[in-house]
Amino acid sequence: MFREFNVTLVLALVAVAGLISGPAFAQTPEEALASIQSDAAKATSGFKGFSAARGESFFKTRHGNEWSCASCHTENPATPGKHAKTGKVIQPFAPSANAERFTDPGKVAKWFKRNCNDVLDRVCTPQEKGDVLTYLLTVKK
Amino acid sequence: MSKCYKNFPRRLVAALLVMGVTISIAQAGDRAEKFSGENRGKPVQPAQINAKFQQECSTCHIAYSPGLLPATSWRKVMSGLDKHFGSDASLTDQENKEITTFLVNNASNRWSASTAPLRITETAWFKHKHDSHEIPQAIWKNPKVKSPANCAACHQQADRGDFSERNIKIPK
């Protein structure tokens, strides 16, 4: 009896702690990366993994259009950015500085589609997405 | 000659009458066709604001009040989101449908012209209220203003659709 009560109490405490510890995210950035990696393995023959260095260079380089990723997200993705056209503040891109980043699969898909189209006039490959996310995960706050 | 002078008062009265009638017809026309029919509706955001609209349309700029443009303009804007003033702002079909319905239902109810501009800054009401007598060129060039699309640079409550004079603060 006492034991049962204890179990219930512990479960209740765990539930409450879960509720107050903040919003529940659908995925972690690492899970987002794992999902991109499984896409990359399927799409790229001889896929050799992601590279933070390649991701950083992709992020900071223009790809034929006016903007690079860094045009809005800045050269330091741990700091807030600014929309290159409207000037509206963009919250930091690096997960270390913004816990919400890459936690909502719908948002990740929506923004990769939009921003790759703006920067490259096409969708990004899983390799490119994975390289960039790998780079972002190395950026310290 | 004398005949002409004799008729002068009568002619003057007639001429004045004609002028008066013409002016009042013009004024009545003006009232009905304010800003040549390109008039905004109530700018204030609807009390029952759509959450998707609020969230999606305020990511890159303020969520412009639906009343600032006619329904046809909003339909055009929403059907071209993949090329939204130089950026891809595309939504899922479901999001697009929900937001379009909200915009169309709350669009300007005073727009009588057949025009449907894509930009709020291209409407006759906007141009009239921001003409060079009201807003000198130098203000638009201020980096804090950046663009006429940046309502909130001067209209401090623009995100709520409050453009009243008392909430205008032009940056120095």
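**Exercise 1. Is Glu100(A) buried, partly exposed or exposed?**

Solution. The model is predicted.
- Step 1: Take the relative accessibility of Glu100(A), which is 51%.
- Step 2: Recall the cut-off: exposed means over 50%.
- Step 3: Conclude that Glu100(A) counts as exposed.
- Step 4: Look at its partner. Glu100(A) forms a salt bridge with Lys107(A), with the closest N and O atoms 4.0 Å apart.
- Step 5: Classify that partner too. Lys107(A) has a relative accessible area of 39%, so Lys107(A) is partly exposed.

**Exercise 2. Describe the secondary structure of each chain.**

Solution.
- Step 1: Start with chain A. Chain A has six helices and two strands.
- Step 2: Put them in order. From the N terminus, chain A reads α-α-α-α-β-β-α-α.
- Step 3: Turn to chain B. Chain B has six helices and zero strands.
- Step 4: Write its pattern. Along the sequence, chain B gives α-α-α-α-α-α.

**Exercise 3. For each chain, report the buried share, the surface and the long-range contacts.**

Solution.
- Step 1: Chain A has 141 residues, and 35% of them count as buried.
- Step 2: Its accessible surface is about 8,600 Å², with 61% belonging to carbon and sulfur atoms.
- Step 3: Take the contacts in chain A between residues at least 6 apart in sequence. Of these, 58% join residues at least 24 apart.
- Step 4: Chain B has 172 residues, and 38% of them count as buried.
- Step 5: The accessible surface of chain B is about 11,200 Å², with 56% on carbon and sulfur atoms.
- Step 6: Among contacts in chain B between residues at least 6 apart in sequence, 64% join residues at least 24 apart.

**Exercise 4. Explain what the salt bridge between Asp131(A) and Arg54(A) ties together.**

Solution.
- Step 1: Recall the principle. Side chains of opposite charge can pair when their charged atoms come close.
- Step 2: Check the distance. The closest N and O atoms of Asp131(A) and Arg54(A) are 2.8 Å apart.
- Step 3: Place both residues. Asp131(A) sits in helix α6 (residues 126-138) of chain A, and Arg54(A) sits in helix α3 (residues 52-60) of that chain, so the pair ties together parts that are 77 residues apart in sequence.
- Step 4: Add the accessibility. Asp131(A), at 4%, counts as buried. Arg54(A), at 42%, counts as partly exposed.

**Exercise 5. Characterise the interface of chain B and chain A.**

Solution.
- Step 1: Count the residues. In contact are 14 residues of chain B and 13 residues of chain A.
- Step 2: State the area. The two chains bury about 1,200 Å² between them, 41% of it on carbon and sulfur atoms.
- Step 3: Find the main contributors in chain B. Cys60(B), Asp88(B) and Lys146(B) lose the most area to chain A, together 42% of what that side buries.
- Step 4: Count the polar contacts. There are eleven residue pairs in polar contact between the chains, both residues at pLDDT 80 or more.
- Step 5: Sort the residues on the side of chain B that touches chain A. They divide into four nonpolar, six polar and four charged.

**Exercise 6. How many salt bridges are there over all chains, and how many cross the interface of chain B and chain A?**

Solution.
- Step 1: Search the whole structure. The total over all chains is nine salt bridges.
- Step 2: Restrict the search to the interface. Four salt bridges are found across it.
- Step 3: Pick an example. Lys110(A) and Glu95(B) meet through their side chains, at 3.2 Å from N to O.
- Step 4: Compare a pair within chain B. The side chains of Arg119(B) and Glu122(B) form a salt bridge at 3.8 Å, N to O.
- Step 5: Look for shared partners. Salt bridges join Lys110(A), Arg114(A), Glu56(B) and Glu95(B) into one network.

Notes: Residues numbered from 1 in each chain as written. Chains lettered and ligands numbered in written order. Predicted model: local features only at pLDDT ≥ 70, side-chain atom pairs only at ≥ 80, totals over all residues. Heavy atoms only, no water. Contact = heavy atoms within 4.5 Å. Buried area = accessible area lost by both parts, 1.4 Å probe. Polar contact = N/O pair within 3.5 Å; in protein donor to acceptor, adjacent residues only side chain to side chain. Nonpolar A, V, L, I, M, F, W, Y, C, P; charged D, E, K, R; others polar. Helix = DSSP H or I, 4+ residues; strand = E, 2+ residues; numbered from the N terminus. Buried < 20%, exposed > 50% of the residue type's maximum accessible area, 1.4 Å probe, protein only. Areas by Shrake-Rupley, 256 points an atom, 1.4 Å probe, with all protein chains shown as cover.
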